[in-house]
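Thanks for coming. I will go through helix packing, then the cavities, then a few backbone details.

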Amino acid sequence: MNKTLDYNDVFDSLHEECGVFGIYGSEDAAAHCALGLHALQHRGQEAAGIISTNHQNFFFHHDEGHVGDIFNNSNIISKLSGNTAIGHVRYSTAGKKHDTNIQPIFAELEFGGIAVAHNGNLTNANTIKQELIAKGSIFKSSMDTEIILHLIAQSKLNTISDRIIDALKQIKGAYSVLLMTNDSLYAIRDPNGVRPLSIGKLNESYIVASESCAFDIIGAKLIRDVEPGEMVVINQNGFKTYKPFAKQLNKFCIFEYIYFARPDSIINNNYVYDVRKNIGKYLAQENPIDADVIVPVPDSGVPSAMGYAKESNINFEFGIIRNHYVGRTFIEPTDQVRHLGVKLKHNANKSVLQGKRVILVDDSIVRGTTSKKIVSMVRAAGAKEVHMKISSPPTTHSCFYGVDTPNRSKLIAASHSVDEIAKLIGVDSLSFISLDGLYKSIGEAKRNNEEPQFCDACFSGQYPIELVDESNQNLPLFNNL
Ligand code: SF4
C-alpha cells in the first residue's frame with residue numbers, strides 16, 4: 001500500500017519556525033495579509049491562517065497547506081472583512097500538527113475578542129501550563145501560544161495593554177507576537193529580540209511582519225525593526241511605542257542570517273544576502289583549497305558560494321539543480337525507492353561536475369544524511385574530488401527558541417569530529433566557518449565569548465534564556481493533541 005512520506009524525513013535540514021504578518025488601517029487588509037504571508041511562506045509550510053476585524057466582529061479562515069492554496073479565491077478574502085488583520089504561517093515547533101494548532105488563535109475574554117499570532121518558543125510554557133491547569137484552565141490546543149491568552153484572561157489589571165504586559169512578563173523564551181483586539185493591533189518582541197519583527201508602512205496603513213520581504217510584495221516601506229523588549233500599539237490614534245520590560249542584551253538568532261530569513265530581507269539594517277556572501281568570503285579565507293569549480297547546494301547555499309567563488313577566484317557553477325515544485329509531502333510508492341528521495345529536490349548537473357575538483361557549499365549539516373546523499377550524487381556525476389564547505393559552525397546543540405532541531409543525540413556534530421563527519425558523508429575534505437568568522441560576516445569585529453552579541457546556542461551551547469521546562473523533570477507531557 002502506498003504511504004505518504006514526510007518531506008522532513010527525507011530532507012535533513014533545520015526547519016524554519018513561523019512567520020507573522022499584521023496590518024492596521026487598510027481597505028484590503030485580508031488581501032495584503034495573504035500576500036504578506038505568501039512572502040513569508042519559507043518560514044512555515046504546514047498551515048496558515050488569517051483573522052480580521054471590522055472593529056465589531058472577527059472573521060477567520062485557516063487551513064493546512066500553503067498560503068496560495070488556502071487563500072485561493074476572492075470569496076475567501078472578501079469574507080475576511082475589516083481594515084485590520086493578522087496572519088500566521090506555521091511550522092509546528094511546539095504543538096503537534098493538528099487543526100486546533102493552526103494560528104492565529106482567538107478567544108473571547110471579559111473585555112471582548114482577542115486574536116494572537118506568535119513566532120518563537122516559550123521555554124517555561126509547560127511549567128506555566130501546569131500551574132494554569134491546576135487553577136482550572138482548560139486548554140484546547142497544545143501550542144505554547146495559547147498560554148499567552150490564558151495569562152491575559154487571568155490578569156487583574158485594568159487596561160488591555162497592561163494585561164498583555166502582565167502576561168508577557170510571566171513568560172520566558174523567544175517571541176515575536178502579534179495581538180489584535182477589535183480596536184488595536186499590538187506587536188511585541190521578547191526582551192532579547194531572538195526572533196525578527198519589523199514595522200512597515202503602506203500609505204496610511206501600518207504593517208508588522210517577521211521579515212521585510214513581506215513589505216516588498218505589497219509595495220510597503222520598511223520603517224525599522226521592532227526593538228527587543230518593545231511593544232508597539234497601533235490604533236485610530238496612530239502608532240505608540242512602549243518599553244515595558246527590564247532591558248536585556250540583544251540575542252538575535254544568528255541562524256536567521258545563515259539560513260532562515262529570505263536573502264532579500266533586511267534585518268537590523270543588514271541585507272541578509274550581503275551577510276551570506278560575506279560568510280562565503282570568510283569561509284574561503286579561513287579554509288582555502290584548490291579546486292576547479294564552486295557549486296552551491298541550492299537554494300540556501302547560493303549566496304555563500306558566490307562569496308566563496310569571488311574571494312577564491314574559482315568559477316561558480318550550478319552543478320546541482322533544484323526542483324522547486326516539491327511539496328511538503330509526497331507519495332512513496334515502495335520502500336525500494338526511498339533512497340531516491342533526495343533526487344526529488346536535487347539533481348546533479350553532469351556538464352559542470354564531470355572530471356572536476358568540486359567545492360560544495362551548503363548552509364549546515366544536521367544529521368548528515370542529506371549531505372551524504374548529495375556527495376554521492378555529485379561523485380556519481382563524475383566529480384574527481386568533492387570538498388565541502390559549510391556556512392555555519394558545526395550544529396552541536398538543539399534549539400529551544402523556535403527552531404525545530406532534532407534531539408542533540410541525532411546531531412552528527414554533537415558526537416563526531418569534523419574529520420569523522422567528512423568520512424561519514426564521503427568527502428575528501430570538510431570545513432565549517434568559525435564562530436568568529438560568522439560574527440565578522442555580520443559586521444562584528446569578533447565574538448564576545450563572555451557575552452555573545454547574538455544567540456548562537458546551537459553552535460556554542462551557551463543558551464541566553466533560561467530553559468525552565470528542560471530543567472523541570474517533574475512536568476507532565478502536555479503535547480498529546
Ligand atoms: Fe537561533 Fe540556534 Fe539560537 Fe535557536 S539556538 S535561536 S537556531 S542561534
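In which sense, left-handed or right-handed, does α10 pass α11? The crossing is right-handed. Before I go on, please keep in mind that this is a predicted model.

Let me stay with that pair. Helix α10 covers residues 272–286 and helix α11 covers residues 302–312. Their axes are 6 Å apart, and the packing angle is about 45°. The two helices are therefore oblique to each other, since an angle counts as oblique when it falls outside the ranges under 35 degrees, over 145, and 65 to 115. On the α10 side, the contact is made by Tyr273, Arg276, Lys277, Ile279, Gly280, Lys281, Leu283, Ala284 and Gln285. On the α11 side, the residues are Pro303, Ser304, Met306, Gly307, Tyr308 and Glu311. Sorted by class, the contact of α10 with α11 has seven nonpolar, four polar and four charged residues.

Next, the pairs that involve α6. Helix α5, residues 125–134, and helix α6, residues 145–154, have axes that come within 10 Å and cross at roughly 45°. That angle makes α5 oblique to α6. The crossing of α5 past α6 is left-handed. From α5, the residues that meet α6 are Ala125, Ile128, Lys129 and Leu132. Their counterparts in α6 are Ile147, His150, Leu151 and Gln154. This contact of α5 with α6 comprises five nonpolar, two polar and one charged residues.

α6 also packs against helix α7, residues 160–168, where the axes come within 8 Å and cross at roughly 125°. Why is α6 called oblique to α7? It is because the crossing is at roughly 125°, and angles of 65 to 115 degrees count as roughly perpendicular while those over 145 count as roughly antiparallel. α6 passes α7 in a right-handed crossing. Here Ile148, Leu151, Ile152 and Ala153 of α6 touch Arg163, Ile164, Ala167 and Leu168 of α7. Of the residues in the contact of α6 with α7, seven are nonpolar, none is polar and one is charged. Leu151 of α6 appears in the contact with α5 and again in the contact with α7.

Now the cavities. How many cavities of 30 Å³ or more does a search of the whole structure find? There are two. The largest cavity holds about 100 Å³ of space. It is lined by 14 residues, and those closest to its centre are Cys253, Cys399, Cys455, Ala457 and Cys458. Two helices, α9 (254–260) and α17 (457–460), each contribute at least two residues to the lining of the largest cavity. By class, that lining consists of 11 nonpolar, one polar and two charged residues.

Last, the backbone. Gln103 and Pro104 are joined by a cis peptide bond, with omega about 0°. Pro104 sits in the loop between β5 (84–90) and β6 (105–109). A cis peptide bond also runs from Pro298 to Asp299, again with omega near 0°. Where is Asp299 placed? Asp299 is in the loop between β17 (293–296) and α11, and α11 is one of the helices in the right-handed crossing from the start of this talk.

One more residue to look at is Asn269. Its phi is near 65°, which is a positive value in a residue other than glycine. Asn269 lies in the loop between β15 (266–267) and β16 (270–271).

That is what I have for today.

Methods:
Residues are numbered from 1 along each chain as its sequence is written. This is a predicted model: local features need pLDDT of at least 70, side-chain atom pairs count only at pLDDT 80 or more; totals for chains, interfaces and linings use all residues. Side-chain values use heavy atoms; hydrogens and water are left out. On a 1 Å grid over the protein atoms alone, a cavity is a set of points where a 1.4 Å probe fits but cannot get out, and a pocket is an open set with protein on both sides within 12 Å along at least five of seven lines; lining residues have an atom within 4 Å of a point. Grid points are joined across faces, edges and corners, and a volume is the space filled by probe spheres set on the points. Helices (H or I, at least four residues) and strands (E, at least two) are DSSP runs, numbered from the N terminus. Ala, Val, Leu, Ile, Met, Phe, Trp, Tyr, Cys and Pro count as nonpolar, Asp, Glu, Lys and Arg as charged, and the others, Gly among them, as polar. Axes are lines fitted to C-alpha atoms, for helices over the stretch in contact, and angles run from 0 to 180 degrees between N-to-C directions. A crossing is left-handed if the near helix is turned anticlockwise from the far one by less than a right angle, and right-handed if clockwise. Contact means heavy atoms within 4.5 Å.
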